[in-house]
Amino acid sequence: MRPPTVTFLGGVREIGGNKILIRDGPDRVLFDFGPSFSPKIEQYYVDYLQPRSTSRAKDLLEFGLLPAIDGLYSPDALGEPERRTSEPGVDAVFVSHAHADHAGYLELLHPEIPVHVGRGTRILLEAIESATPMRYGDHPWRPFDDGATVKVGRIEVVPFPVDHSVPFAYGFLVRTSEGTVVYTGDFRHHGPRATQTHAFFQAAAEERPAALLIEGTRAGPDPRHNLTEEGVRREADRLIADRRELALACTYPRDVDRLTTLARAAHAADRELVVSTRTAHLLSAVAPLFPAGVVPVPGTPGGPQVYRRKKRRFFTWEKPFLDTALDAEAVRARGRDYLLALDLMHFPELIDLRPPNGGVFLHSMSEPFSEDDVDDRVMRNWLDHFGLSFHQLHASGHASGPELLELVDAVAPQELYPIHTEHPEAFRGTRSHLALPELGVEYPVGAGRPGRSAGQA
Ligand SMILES: [Zn+2]
């Protein structure tokens with residue numbers, strides 16, 4: 001009989017876009033399904049030139065930007081809405097977390113394929129759909145619980161929560177008939193849930209896995225500054241403590257840890273955090289999944305204020321926040337009392353906020369990947385125009401290169417496959433057998449492989 005196999009259909013020599021197919025006999029499970037951050041897609045599609053909404057999968061398949069698997073896509077996504085749906089091409093899709101590069105293509109999937117996500121992820125995806133144009137599609141959703149085994153035919157999947165820059169992120173132990181495949185998803189262990197990452201890697205090591213599929217975002221050269229989440233807090237405290245004017249910050253609305261850190265830093269400096277209606281909506285949706293008081297929720301003691309942008313029409317989901325929201329004039333009048341989180345796309349508000357010259361701007365997101373990043377240049381132009389001082393304050397969602405090597409050696413898999421990285425060869429320093437994955441190649445699991453001992457490199 002054929003051994004189980006692992007096939008990489010995305011996330012190979014690129015950051016994001018993981019699409020990992022594990023087969024065991026007739027059973028097929030796909031892990032993650034989103035676009036990568038690599039420039040590959042930009043060879044054909046840019047801001048003004050996008051796949052058609054009536055045939056998104058077809059338009060991406062044309063250039064090999066999606067895996068060509070029969071039965072993987074919905075007739076709608078293929079631009080053939082009248083076509084009878086074929087047999088589903090896989091038995092299940094598991095999503096490690098709610099970032100676009102792992103979940104952003106779910107909408108294209110065949111409507112009968114069950115989609116397994118963490119219970120919290122399901123709520124987060126719903127909140128994102130209700131407050132943005134993002135759509136994840138209608139599927140048989142199968143929310144899973146931490147540590148609870150899910151069986152798909154003969155394949156067993158055990159989801160373990162890990163620390164990442166979005167809550168409800170998971171790594172998986174995938175048990176096949178010839179051994180366990182460990183898939184890390186995206187992770188770090190310098191954030192508030194570091195102990196979860198440790199527990200996952202501990203369990204992975206005990207499994208004596210046949211293969212470890214590890215993300216390597218920060219493997220290889222990484223010139224970007226990285227702090228721990230506590231480090232972000234300390235820096236924020238230092239920068240805003242003695243200031244007498246409005247302080248500004250910019251972060252990802254899904255980075256609940258960062259918003260919590262900024263809310264606490266604001267509180268310690270006798271200020272209140274002010275967030276957008278969208279951030280307020282996401283925080284309110286996920287807060288019930290955390291112990292009381294952990295996530296700062298608008299409208300509760302110590303919770304953030306909400307900012308009301310100048311616009312003509314408000315969405316239904318924004319309305320609960322509007323009665324007590326602060327507009328530009330209110331924030332400007334008492335600038336010293338606030339730390340305002342302002343998304344880059346809302347920078348025109350600065351024209352009414354008129355932040356005093358010399359005020360601090362905490363850039364609490366990752367630095368641009370390239371040196372000629374357009375968004376970065378535009379942001380700097382705005383900051384210069386208003387005389388704001390830029391401070392980079394970020395804790396990455398990913399483990400560092402040296403941390404990755406240490407974790408690999410602790411798990412000691414038979415085969416090591418680095419994915420979600422532009423530098424898979426940076427894993428050469430480990431004691432495990434390194435297999436540099438190639439797109440679309442089927443790799444046998446465990447016994448299917450000629451025997452190898454740890455130590456061979
Ligand atoms: Zn990712």
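**Exercise 1. A helix on the first sheet**

Which strands does helix H3 lie across, and at what angle does H3 run to S5?

*Solution.* Note that the model is predicted.
- Step 1. Locate helix H3 at residues 119-131.
- Step 2. Find what lies under it. H3 lies across strand S5 (115-118) and S6.
- Step 3. Take the direction. H3 runs at about 100° to S5.

**Exercise 2. The sheet that holds S5 and S6**

Give the strand order of the open sheet that contains S6 and S20, and name its edge strands.

*Solution.*
- Step 1. Read across the sheet. The order is S6-S5-S4-S3-S2-S1-S20, which makes seven strands.
- Step 2. Classify the pairing. It is mixed, and the sheet is open.
- Step 3. Pick out the edges. Strand S6 (141-144) and strand S20 (442-444) each pair on one side only.
- Step 4. Add the twist. On average, neighbouring strands are turned by 25° against each other, direction ignored.
- Step 5. Look at one pair. Strand S1 (residues 5-8) joins S20 in the antiparallel sense, over three bridges. Here Thr 5 stands opposite Pro 444 of S20.

**Exercise 3. The second sheet and its helices**

Describe the open sheet that runs from S7 to S19, then place H4 and H12 on its strands.

*Solution.*
- Step 1. Write the order: S7-S8-S9-S10-S11-S18-S19. Seven strands take part, and the pairing is mixed.
- Step 2. Name the edges. Strand S7 (150-152) and strand S19 (433-434) each pair on one side only.
- Step 3. Check an inner pair. Strand S10 (residues 179-183) and strand S11 (residues 211-215) are parallel, with three bridges. Val 181 faces Ala 211 in S11.
- Step 4. Place H12. Helix H12 (residues 401-411) packs on the sheet and touches S10, S11 and strand S18 (415-419). The direction of H12 makes about 165° with that of S11.
- Step 5. Place H4. Helix H4 (residues 194-206) lies across strand S8 (155-162), strand S9 (169-176) and S10. H4 runs at about 150° to S8.

**Exercise 4. Two helix pairs**

Work out the geometry and the residue classes of the contacts H4 with H12 and H5 with H6.

*Solution.* Two packed helices are described by the angle between their axes and the distance between the axes.
- Step 1. Take H4 and H12. Their axes come within 8 Å and cross at roughly 40°.
- Step 2. List the residues. H4 gives Phe 201, Ala 204 and Ala 205, and H12 gives Leu 407, Ala 410 and Val 411.
- Step 3. Sort them. Six are nonpolar, with no polar and no charged residues.
- Step 4. Take helix H5 (residues 229-240) and helix H6 (residues 256-268). Their axes come within 9 Å and cross at roughly 35°. The crossing is right-handed.
- Step 5. List some residues. Among them are Val 232, Arg 233 and Ile 240 of H5, and Arg 258, Leu 262 and Ala 265 of H6.
- Step 6. Sort the H5 and H6 contact. It has six nonpolar, one polar and six charged residues.

**Exercise 5. Domains and the whole chain**

State the domain layout, then explain why the chain counts as being as compact as a globular protein of its length.

*Solution.*
- Step 1. Read the domain assignment. Domain 1 is 5-221 + 398-448, and domain 2 is 229-392.
- Step 2. Separate the centres. Taken over C-alpha atoms, they lie 31 Å apart.
- Step 3. Describe the contact. Domain 1 supplies 13 residues and domain 2 twelve residues. The domain 1 side has eight nonpolar, five polar and no charged residues.
- Step 4. Count the elements. The chain has twelve helices and 20 strands.
- Step 5. Compare sizes. The radius of gyration is 23 Å, close to the 23 Å that the globule rule gives for 457 residues, so the chain is as compact as a globular protein of that length.
- Step 6. Add the box. Along the principal axes, the C-alpha atoms fill roughly 75 × 55 × 45 Å.

Conventions
Residues are numbered from 1 along each chain as its sequence is written. This is a predicted model: local features need pLDDT of at least 70, side-chain atom pairs count only at pLDDT 80 or more; totals for chains, interfaces and linings use all residues. Axes are lines fitted to C-alpha atoms, for helices over the stretch in contact, and angles run from 0 to 180 degrees between N-to-C directions. Helices (H or I, at least four residues) and strands (E, at least two) are DSSP runs, numbered from the N terminus. A crossing is left-handed if the near helix is turned anticlockwise from the far one by less than a right angle, and right-handed if clockwise. Two residues are in contact if their C-beta atoms, placed from the backbone, lie within 7 Å. Ala, Val, Leu, Ile, Met, Phe, Trp, Tyr, Cys and Pro count as nonpolar, Asp, Glu, Lys and Arg as charged, and the others, Gly among them, as polar. Domain bounds come from an automatic or database domain assignment. Two strands pair if DSSP finds at least two bridges between them. The radius of gyration is taken over C-alpha atoms; the globule rule is 2.2 Å times the number of residues to the power 0.38.
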